[in-house]
Amino acid sequence: MADPIIVFDLDGTLVETAPDLLESLNHCLRHLNLDVVDPAEIRRYVGFGGRIMIERACVAHGHPLKQDELETVYQIFLEHYEGNMPGKSEPFPGVLDAIKAFHEAGYKTAVCTNKLEGLSRRLLEGLGIDHLFSAICGADTFAQRKPHPSHLFGTIEMAGGDPERCVMVGDSRTDIDTAKNAGIPVVAVDFGYTDQPVHMYEPSKVISHFDELTVELAERLIQSAFPQTA
Ligand SMILES: O=C(O)COP(=O)(O)O
Ligand SMILES: [Mg+2]
């Protein structure tokens, strides 16, 4: 039988990656002779993958990129980002304790991210935490990416999880929309990367620290989303 499962977004939810994304994005902006982005600004551009982050930053800095220029800059970004991994990135406070408590309660955990799968694996391996996840699924793992629900459903299936005993945890509108599109309850962290405060996107619950992400909370959310599974 499939196990209950918690599916985590990566950037801004599981791992604080902004300092390294910032360095690699600014490496690209310098290459284009554009002004660099500051730590607060980059938080508005993350959530849809690296290409869109670069695109948004360049538009904001008065230099919209043509498709071929974007591809070139994206390759520069990937090379720089991958070459510096795991850099200053680290898991958010309390998340590893929360994962441990879920494992002890019989839950699986998995990652569903709009980062490329290879980069995601490399980052989690670099941090020594890849073994915690039964599946690590990126923007290029399936035909569709978040906010398409098949990215989340595919992750759950690959992990051996039960889609009717699942909670998604994310930091952005993309994650909240993904979970809603899949009919799965979603916990939003309020310390990640988003253009608007996450409560505006009406997740099932907002938390400010992972000590609030308890097995009891997950069970309550699952029970109200899927009363028949209780
Ligand atoms: O890198 C991004 O833009 C998004 O990554 P995430 O889906 O893990 O937040
Ligand atoms: Mg995120």
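A residue is buried if 20 or more other C-beta atoms lie within 10 Å of its own, and exposed if 12 or fewer do. Keep that cut-off at hand. The model in these exercises is predicted.

**Exercise 1. Decide whether D9 is buried or exposed, and describe its surroundings.**

Step 1. Find the residue. D9 sits in the loop between β1 (3-8) and β2 (15-16).

Step 2. Count and compare. D9 has 30 C-beta neighbours inside 10 Å, so D9 counts as buried.

Step 3. List the contacts, leaving aside neighbours within four places in sequence. D9 then touches L14, C112, T113, V169, G170, D171 and D175.

Step 4. Check the record. The unreviewed UniProt entry carries the annotation "active site" on D9. Such annotations may be inferred rather than shown by experiment.

**Exercise 2. Work out where ligand 1 lies with respect to the two domains.**

Step 1. Write down the domains. The assignment gives domain 1 (3-16 + 89-229) and domain 2 (18-83).

Step 2. Look at the shell. There are 14 residues around ligand 1, and L10, D11, V46, T113 and N114 come nearest.

Step 3. Sort the shell by class. Four residues are nonpolar, seven are polar and three are charged.

Step 4. Conclude. Both domain 1 and domain 2 give residues to the shell, so ligand 1 lies between them.

**Exercise 3. Describe how domain 1 and domain 2 meet.**

Step 1. Take the centres over C-alpha atoms. Those of domain 1 and domain 2 are 25 Å apart.

Step 2. Count the contacts. On one side are 14 residues of domain 1, and on the other are 10 residues of domain 2.

Step 3. Classify the domain 1 side. Three of its residues are nonpolar, six polar and five charged.

**Exercise 4. Find which residues of helix α3 (residues 50-60) are buried, and what covers them.**

Step 1. Recall the helix rule. An α-helix has 3.6 residues a turn, so residues three or four places apart point the same way.

Step 2. Name the buried residues. In α3 they are G50, M53, I54, R56, A57 and C58.

Step 3. Find the cover. It includes α1 (18-31) and α4 (67-83).

Step 4. Look just past the helix. There G62 takes a positive phi of about 75 degrees.

**Exercise 5. State which elements of the protein chain have the lowest and the highest mean pLDDT.**

Step 1. Start with the whole chain. Its average pLDDT is 96, and 99% of the residues score at least 70.

Step 2. Go element by element. Helix α2 (residues 39-42) has the lowest mean, 93, and strand β4 (residues 108-112) has the highest, 99.

Step 3. Add the overall scores. The model has ipTM 0.95 and pTM 0.96.

Definitions and conventions
Residues are numbered from 1 along each chain as its sequence is written. Chains are lettered from A and ligands numbered from 1 in the order in which they are written. This is a predicted model: local features need pLDDT of at least 70, side-chain atom pairs count only at pLDDT 80 or more; totals for chains, interfaces and linings use all residues. Helices (H or I, at least four residues) and strands (E, at least two) are DSSP runs, numbered from the N terminus. Two residues are in contact if their C-beta atoms, placed from the backbone, lie within 7 Å. A residue is near a molecule or strand if its C-beta atom, placed from the backbone, lies within 6 Å of it. Ala, Val, Leu, Ile, Met, Phe, Trp, Tyr, Cys and Pro count as nonpolar, Asp, Glu, Lys and Arg as charged, and the others, Gly among them, as polar. Domain bounds come from an automatic or database domain assignment. pLDDT is the predictor's confidence in each residue, from 0 to 100.
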